[in-house]
Amino acid sequence: VVVKEPVYLSAHDKRQIQCLAENAYFEAGNQSTKGKIAVTNVVMNRVEDKRFPKTPCAVVHQRTARVCQFSWVCEGKKRIRSMAQYADARKVAEQVYLGNIGDVTKGAKFYHANYVNPGWNLRRLITIGDHIFYR
């Protein structure tokens, strides 16, 4: 049995994980674990890209020309209605943030629900749950 050392999370780390968890909950709360991981991967992929903000919270709350990158931010969906779904999203967010779960999206930086067609001229990578992922 391998015993892992406990991870110390700073207040900054905890805040970033909370932003990731809220995003996973509001974007993919009703999706599979893989769906929540994928949405969280997109945020982390953006953090690593110099074209986007440098922290998960800044990525999640980024607006361009009054348009939110993640619709729930502009829609104001702030009430968590299912603590069980939020707890799942929180576990996923923490594990992705810590690097314990890899990227299931093949490097995606964008996604949308499968019932909309934004007409993006981007490379389609994979469909996971109700979302289509792009680079």
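The exercises below, each with a worked solution, concern a predicted model.

**Exercise 1. The salt bridges**

Find how many salt bridges the whole structure holds, and state which residues pair in them.

Solution.
- Step 1. Searching the whole structure gives three salt bridges.
- Step 2. Aspartate 49 pairs with arginine 51, and their closest N and O atoms are 2.6 Å apart.
- Step 3. Aspartate 49 also meets lysine 109 through their side chains, at 3.3 Å from N to O.
- Step 4. Glutamate 94 bridges to arginine 90, with 2.9 Å between the closest N and O atoms.
- Step 5. As background, side chains of opposite charge can pair when their charged atoms come close.

**Exercise 2. Placing the pairs along the chain**

Determine where in the chain the partners of the pair aspartate 49 and lysine 109 lie, and do likewise for glutamate 94 and arginine 90.

Solution.
- Step 1. For the salt bridge of aspartate 49 with lysine 109, the partners come from distant parts of the chain, 60 residues apart.
- Step 2. Aspartate 49 sits in the loop between helix H2 (33-47) and helix H3 (56-60), while lysine 109 sits in the loop between helix H5 (83-97) and strand E3 (110-113).
- Step 3. Helix H5 holds both glutamate 94 and arginine 90, which are four residues apart, or about one turn of the helix.
- Step 4. Asp49, Arg51 and Lys109 form one network through salt bridges that share partners.

**Exercise 3. Burial of the charged partners**

Classify each salt-bridge residue as buried, partly exposed or exposed.

Solution.
- Step 1. The cut-offs needed are under 20% relative accessible area for buried and over 50% for exposed, with partly exposed in between.
- Step 2. Aspartate 49 has 12% relative accessibility and therefore counts as buried.
- Step 3. Lysine 109, at 17%, is buried.
- Step 4. Arginine 51 has a relative accessible area of 60%, so this residue is exposed.
- Step 5. Glutamate 94 is partly exposed at 23%, and arginine 90 is partly exposed at 27%.

**Exercise 4. Helix H1 and glutamate 22**

Check the span of H1 against the expected value, then describe the setting of glutamate 22.

Solution.
- Step 1. H1 has 18 residues, and at 1.5 Å a residue the helix should span 26 Å.
- Step 2. The end C-alpha atoms of H1 are 25 Å apart, which agrees.
- Step 3. Of the 18 residues in H1, 13 are buried, so the helix is mostly covered.
- Step 4. Glutamate 22 belongs to H1, which runs over residues 11-28, and is buried because its relative accessibility is 14%.
- Step 5. With neighbours within four places in sequence set aside, glutamate 22 contacts Trp72 and Tyr86.

**Exercise 5. Asparagine 41**

State where asparagine 41 lies, whether this residue is buried or exposed, and which residues it contacts.

Solution.
- Step 1. Asparagine 41 is part of helix H2.
- Step 2. Its relative accessible area is 3%, so asparagine 41 is buried.
- Step 3. Beyond neighbours within four places in sequence, asparagine 41 is in contact with Val96, Gly102, Asp103, Val104 and Thr105.

**Exercise 6. The largest pocket**

Describe the volume and lining of the largest pocket.

Solution.
- Step 1. The largest pocket encloses about 780 Å³ of space.
- Step 2. Its lining has 32 residues, with Phe26, Glu27, Ser71, Tyr115 and His131 nearest the centre.
- Step 3. H1, strand E2 (67-68), helix H4 (71-75) and E3 each give two or more residues to that lining.
- Step 4. By class, the lining comprises 15 nonpolar, nine polar and eight charged residues.

Key. Residues numbered from 1 in each chain as written. Predicted model: local features only at pLDDT ≥ 70, side-chain atom pairs only at ≥ 80, totals over all residues. Heavy atoms only, no water. Buried < 20%, exposed > 50% of the residue type's maximum accessible area, 1.4 Å probe, protein only. Contact = heavy atoms within 4.5 Å. Salt bridge = Lys/Arg side-chain N within 4 Å of Asp/Glu carboxyl O. Expected span 1.5 Å × (residues − 1). 1 Å grid on protein atoms, 1.4 Å probe; cavity = no way out; pocket = protein on both sides within 12 Å on 5 of 7 lines; lining within 4 Å. Points joined across faces, edges and corners; volume = space filled by probe spheres on them. Nonpolar A, V, L, I, M, F, W, Y, C, P; charged D, E, K, R; others polar.
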